[in-house]
Amino acid sequence: MTRRRAIRSVFYIVLLALAVFYLLPVYLMVLTGLKPFNEVDLKTMWDLPTSGLRIENFIAGYRQLAPNLRNSLAMVIPEALLSSLLGSFNGYLLSKWKFRGSNVIFALILFGMFIPYQSILIPLVKFMQTINLYGDLPGLILVHIIYGIPITTLIFRNYYAGIGTEIVEAARIDGGSLFGIYHHIILPLSAPSFAVVIIWQFTQAWNEFLFAVILTNQSNWPVTVALNNLAGSQLVQWNVLMAATFLAALPTLLVYIFLGRFFLRGLMAGALKG
Amino acid sequence: MTRSFSLRMPQLILAILLILAGILSIRFLSGTELEIAGKNLTSIALLISGLVFYSGVLVIVAMFEDETILSMALLFPSIVAVAIFVYGFIGWSIRVSLSKWKGLNPDYTWVGLKQYTDLIFHDQRFLIDVRNTAVFTVGFILGCLILGLGLAILLDQKLKGESLFRSIFLFPMSISFIASGVVWAWLMNPATGSRTTGLNLLFQNLGLDFLISTWHATPPPWGMAYTVIPAVWQLSGFAMALYLGGIRSISEEIREAARVDGASELEIYRYVILPMLSPVTLSAVIILGHMSLKIFDLIVALGRKDQRLDVPGIYMWTTTFDGTNYAQGAAIGILMLISVAILVVPYLITSMRAEAEL
């Protein structure tokens, strides 16, 4: 039994060492952010603050990113809500009202989530310019919703496939219509998958960079674009940058900490049904 | 299924109202510009008007009581959106890539495959990009799979604090590539002497000087290999979650049977569990592989457009939007698409077939 205990201790040591590796970047951001300005020095990057904790760095970081945090929020909330509604309906139709060729259509839709967006970027920019949605958030929201159709449809379709066909068949025999069955049977069971999709789309759109940098102009930059710009600027101190990065990552981090269960399910759906 | 048509007055009135409202607002909008709070929302309003019009059509379709047609009609807007924004735009990009469009004004003069042959045979930068992508892809996939499998096996030991550890290994996935690139650029700071900082400073403080590295500033091609570290930091948790799911789905009876046959725990993993995980490995390779072929934001934030860390995604961006070489940018985009399609399409087709057989 002692051998077994020794092995278990080794496991713990390995796990703890790995946990330190995973937490290191967050530790650095928080530690730097909490130091007073006069203690910030690249040479003492890893030292604990000696004269108490301050939030000056976070305030300075927030000043840099405040408008962009607001832009991201204004973009992400309508985007997540609308694309979950659309995905729910698509998923319902493609799982419970299949028609000849619906599986092919689903596969063709699904391919859209794998494409490198560089392969559609030039037409997208020209198109958005033509319809006057270039440079601003409504256009970015529309783009995120459309390119979100594959993943949202996939998550809802897989979830609805798990709802017994018998219930739906029985309702059909009783004269239930397509809308009636959705409203009375499917929708009340959908809360978990709505949570998964809303959280997934929220995280994706918050973290997205390519569309954001190409399709918005400076006053509408979401936080990823502004942060990347801040990191390239010579005028911003690294300690302020660390604090700003933490603030930019905080919303999705909080979503993960409090709603991680749903986040993980979205993740798994992204891997299809291996 | 019976096909019938039942005319119900309330529905008909609703349908007519929706169609009229749609048409009227489209006509109104096509003459003016709609601005709300300084934003030009004419196109969004047109889109909504179109959808109002279409929902009127849907109400009429619903009266035919043929659910198949109704189902198709309801999917129609999403299908059109994907058809235009994915397939239409890919086609358009291909057309651009076959032209000599350089400069702000579109020039669709046909030059055949010239952009592609120039990139593949004469372009040093693109060759570096391909090599960098290869180094990154191999390192990233191997790193994620090995670390992910190791973590999953460790977490399978029913240790205390399992869920806390699992959360710690997974949380980097919730952070953007930009944010992690910015932090890791500081961690992997290659400065030496009195300016030593980041991980190098940490190693120095801990007396682990042999670990001090020049990181991604290492001369090519190995500098690129260091960009794998933040990428593995972010996505090994994903591989871990996949593997842990796979391991947990293998029934305890199978393991018990192997134990009865005298297999050690190690042998059970090696000869029983590992072979059963190969479908999980395949999924992980497809997902991680397609991500690494398109890797972009992480390298932008980490390398700040350092030419030695260039990848096709960055080349496409700079040549198109800084250099206005649209034709070349489109060709790079299409080459990226082809590389991803080779990886993903067979997988998509087989999983669709497997599902159809169920």
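Ala, Val, Leu, Ile, Met, Phe, Trp, Tyr, Cys and Pro count here as nonpolar, Asp, Glu, Lys and Arg as charged, and the others, Gly among them, as polar. All views come from a predicted model.

**View 1. The largest pocket has a lining of 31 nonpolar, 9 polar and 1 charged residues.** There's about 1400 Å³ of space in here. Look for Leu86(A), Leu142(A), Leu47(B), Leu51(B) and Pro77(B), which lie nearest the centre among the 41 lining residues. Both chains pitch in: helices H2 (56-96), H4 (121-130) and H5 (137-161) of chain A and helices H2 (42-63) and H3 (67-97) of chain B each give the lining at least two residues. H2(B) hands over the largest share, at 12 residues.

**View 2. Helix H2(B) spans 32 Å from its first C-alpha to its last.** That's close to the 32 Å expected for its 22 residues at 1.5 Å a residue. Plenty of the helix is tucked away: the buried residues include Thr42(B), Ile44(B), Tyr54(B), Leu58(B) and Met63(B). What do the buried residues of H2(B) pack against? Their partners are H5 of chain A, plus helix H1 (9-31), strand S2 (39-40) and H3 of chain B. After the helix comes Glu65(B), with a positive phi near 55°.

**View 3. Ser71(B) sits in helix H3 of chain B.** Its relative accessible area is 0%, so Ser71(B) counts as buried. Setting aside residues up to four places away in sequence, Ser71(B) touches Leu93(A), Trp97(A), Phe99(A) and Leu178(A).

**View 4. Leu124(A) and Phe169(B) touch the most other members of the largest nonpolar core.** This core runs to 206 residues. Helix H11 (residues 238-270) of chain A brings the largest share, 16 residues. Zoom in on Phe169(B): beyond its neighbours within four places in sequence, it contacts Leu15(A), Leu18(A), Ala19(A) and Tyr22(A), along with Leu151(B), Leu155(B), Gly237(B) and Met240(B).

**View 5. The largest cavity has a volume of about 1100 Å³.** Of its 39 lining residues, Tyr117(A), Trp200(A), Gln204(A), Met291(B) and Lys294(B) come closest to the centre. The lining splits into 24 nonpolar, 11 polar and 4 charged residues. H5, H8 (191-207), H9 (210-215) and H11 of chain A, with H10 (228-248) and H13 (278-293) of chain B, are helices that each supply at least two of them. H8(A) has the largest share, 6 residues. In total, the model holds 3 cavities of 30 Å³ or more.

Technical notes: Residues are numbered from 1 along each chain as its sequence is written. Chains are lettered from A and ligands numbered from 1 in the order in which they are written. This is a predicted model: local features need pLDDT of at least 70, side-chain atom pairs count only at pLDDT 80 or more; totals for chains, interfaces and linings use all residues. Side-chain values use heavy atoms; hydrogens and water are left out. On a 1 Å grid over the protein atoms alone, a cavity is a set of points where a 1.4 Å probe fits but cannot get out, and a pocket is an open set with protein on both sides within 12 Å along at least five of seven lines; lining residues have an atom within 4 Å of a point. Grid points are joined across faces, edges and corners, and a volume is the space filled by probe spheres set on the points. Helices (H or I, at least four residues) and strands (E, at least two) are DSSP runs, numbered from the N terminus. The expected span of a helix is 1.5 Å times one less than its number of residues. Buried means under 20% relative accessible area, exposed over 50%, partly exposed in between (1.4 Å probe, protein chains only). Contact means heavy atoms within 4.5 Å. A nonpolar core is a set of buried Ala, Val, Leu, Ile, Met, Phe, Trp, Tyr and Cys residues joined through side-chain atoms within 4.5 Å.
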